[in-house]
Every structure is written in C-alpha cells, then in structure tokens.
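Open the model in your viewer and keep the sequence panel beside it. The stops below say what to select next and what is there.

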Amino acid sequence: MRPPGRRPARPRRFNALHLAGWLFADLLLVLALVAMGDQGDPVKAAEGKRPGPSASADGTSPAKPKGPRAVNRKPVRVSIAAARGDGARIVRQLRAVTAKHRGRQAAFVLTFGRHGEPGAGGDYAHRVNSLLTKARPGMFKGATTRDFWKGGAAGSADLEIYFYTY
C-alpha cells in the first residue's frame with residue numbers, strides 16, 4: 001500500500017531529444033562516406049600525369065593501354081535507309097556510316113526501327129542488328145544490341161553505337 005498523497009511512479013516516456021546526438025553522429029558519418037566516395041582513384045590520377053606512349057622512331061604503334069576498358073558515354077548516332085528484305089543494301093549502308101570508326105569496338109548498340117506500327121519497327125531494328133556483324137565483324141563482335149521502335153517512315157533505322165574507350 002502506498003502512503004497517502006504520493007502518486008505511483010509512472011514509466012518514463014520516450015524523449016526524442018535524447019537521440020539528437022546519435023542522429024548528428026550518424027549524419028556526419030554518412031557525409032564523410034559520401035565525400036570519400038566522390039574522390040577519384042589516386043593511383044589512376046597519378047598514372048594519368050605520366051606521359052603516354054607515343055609512336056616509336058620506326059613508326060610502330062604504341063602499346064595498348066592497360067587496365068579496364070570503359071564505355072564512352074556519348075554515342076555515335078548514324079542512320080540508314082533500306083527495305084527490310086534488302087539485306088545487301090543494309091550491310092552496304094552500315095559499312096558506309098561506320099567507316100570512319102573502323103578499328104573501334106562497340107560495347108552496345110541501340111537500334112530504332114522506323115515504322116508506323118511498333119511491331120514492324122521492332123522487327124526492322126532486329127533485322128538491322130542481325131546484320132551488324134556481317135557489315136563489320138571486328139567492330140560489332142560481342143556487342144550487346146537492343147531493338148526499339150520509333151515512329152516514322154518505314155524502311156529506315158537510327159542507331160546509337162556506344163564504343164569502348166579504347
């Protein structure tokens with residue numbers, strides 16, 4: 001039994017102010033991690049300051065760069081126009097529009113087949129993508145391709161080619 005005039009002890013209530021210090025510490029940790037993640041690779045930065053390989057006196061080409069390849073973020077955009085059934089013309093046009101990029105290797109290709117209907121446009125894009133390795137085997141071997149539809153006149157396609165950096 002309790003003495004008269006005394007209230008029973010109430011359980012302590014949660015006070016958010018007690019967590020303010022922990023919240024501040026956690027936010028500071030997150031900011032530190034973001035700042036560290038935003039920094040470049042110091043080893044790669046030091047390598048970038050060294051002079052690169054140049055052609056030797058006898059005219060031979062320099063050695064290939066070492067390290068992982070990356071994909072160039074800016075695509076090369078080209079267009080072709082040929083009937084779906086005219087595979088030879090598609091191949092000729094693919095060779096013509098990619099001639100100045102000879103020696104490079106494509107990482108992936110996005111092909112937008114133009115047609116009034118989505119199914120037919122996607123089929124045309126697929127047809128163009130199936131002929132890429134025939135047009136330039138070294139450039140498109142192992143490249144990932146995707147077929148898309150784009151409204152417009154049938155029998156043409158727009159390609160976005162993403163090349164490796166080297």
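Colour the whole chain by accessibility: buried residues account for 23% of the 166 residues in this protein, and the model is a predicted one. Switch to a cartoon and the secondary structure comes to six helices and four strands. From one end of the sequence to the other, these elements follow the order α-α-β-α-β-α-α-α-β-β. If you turn on contacts between residues at least 6 apart in sequence, 80% of them join residues at least 24 apart.

**Stop 1: helix 3 and helix 4**

Select residues 87-97, which form helix 3, together with residues 118-130, which form helix 4. Two packed helices are described by the angle between their axes and the distance between the axes. For this pair the angle is about 65° and the axes are 10 Å apart. Because angles of 65 to 115 degrees count as roughly perpendicular, helix 3 and helix 4 are roughly perpendicular to each other. Their crossing is right-handed. To see the contact itself, show the side chains of Gly 87, Ile 90 and Leu 94 on helix 3, then those of Tyr 124, Arg 127 and Val 128 on helix 4. By type, the residues of this contact divide into four nonpolar, one polar and one charged.

**Stop 2: Gln 93**

Stay on helix 3 and select Gln 93. Is Gln 93 buried or exposed? Its relative accessibility is 18%, so Gln 93 counts as buried, the cut-off being under 20%. Follow the side chain of Gln 93 to the backbone nitrogen of Ala 81, which it reaches at 2.6 Å. Beyond its neighbours within four places in sequence, Gln 93 is in contact with Ile 80, Ala 81 and Ala 82.

**Stop 3: Ala 82**

Move to Ala 82, in the loop between strand 1 (76-81) and helix 3. Ala 82 has a relative accessibility of 4% and therefore counts as buried. Which residues does Ala 82 touch, not counting those up to four places away in sequence? They are Arg 89, Ile 90, Gln 93, Tyr 124 and Gly 155. Draw a distance from the C-alpha atom of Ala 82 to that of Tyr 124: the two residues are 42 apart along the chain, and the separation is 10.0 Å.

**Stop 4: Arg 95**

Return to helix 3 and select Arg 95. At 39% relative accessibility, Arg 95 counts as partly exposed. With residues up to four places away in sequence left out, Arg 95 touches Lys 134, Ala 135 and Arg 136. Lys 134 is 39 residues from Arg 95 in sequence, and their C-alpha atoms are 9.4 Å apart in space.

**Stop 5: Ala 125**

Now go to helix 4 and pick Ala 125. The relative accessible area of Ala 125 is 0%, so this residue is buried. Show what surrounds Ala 125, omitting its neighbours within four places in sequence: the contacts are Thr 111, Phe 112, Gly 113, Asp 147 and Phe 148. His 115 can be added for orientation; Ala 125 and His 115 are 10 residues apart in sequence and 9.9 Å apart from C-alpha to C-alpha.

**Stop 6: Ser 156**

End at strand 4 (residues 156-163) and select Ser 156. Ser 156 is buried, with a relative accessible area of 15%. What does the side chain of Ser 156 reach at 3.5 Å? The partner is the backbone oxygen of Ala 153. Leaving out residues up to four places away in sequence, Ser 156 touches Ile 80, Ala 81, Phe 112, Gly 113, Arg 114 and Tyr 124.

Several of these residues come from earlier stops. Ile 80 and Ala 81 are also contacts of Gln 93, Phe 112 and Gly 113 are also contacts of Ala 125, and Tyr 124 is also touched by Ala 82. Tyr 124 also belongs to the contact of helix 4 with helix 3.

Methods:
Residues are numbered from 1 along each chain as its sequence is written. This is a predicted model: local features need pLDDT of at least 70, side-chain atom pairs count only at pLDDT 80 or more; totals for chains, interfaces and linings use all residues. Side-chain values use heavy atoms; hydrogens and water are left out. Axes are lines fitted to C-alpha atoms, for helices over the stretch in contact, and angles run from 0 to 180 degrees between N-to-C directions. Helices (H or I, at least four residues) and strands (E, at least two) are DSSP runs, numbered from the N terminus. Angles under 35 degrees count as roughly parallel, over 145 as roughly antiparallel, 65 to 115 as roughly perpendicular and the rest as oblique. A crossing is left-handed if the near helix is turned anticlockwise from the far one by less than a right angle, and right-handed if clockwise. Contact means heavy atoms within 4.5 Å. Ala, Val, Leu, Ile, Met, Phe, Trp, Tyr, Cys and Pro count as nonpolar, Asp, Glu, Lys and Arg as charged, and the others, Gly among them, as polar. Buried means under 20% relative accessible area, exposed over 50%, partly exposed in between (1.4 Å probe, protein chains only). A polar contact is a pair of N or O atoms within 3.5 Å; within protein, one must be able to donate a hydrogen and the other to accept it, and residues adjacent in sequence count only if both atoms are side-chain atoms.
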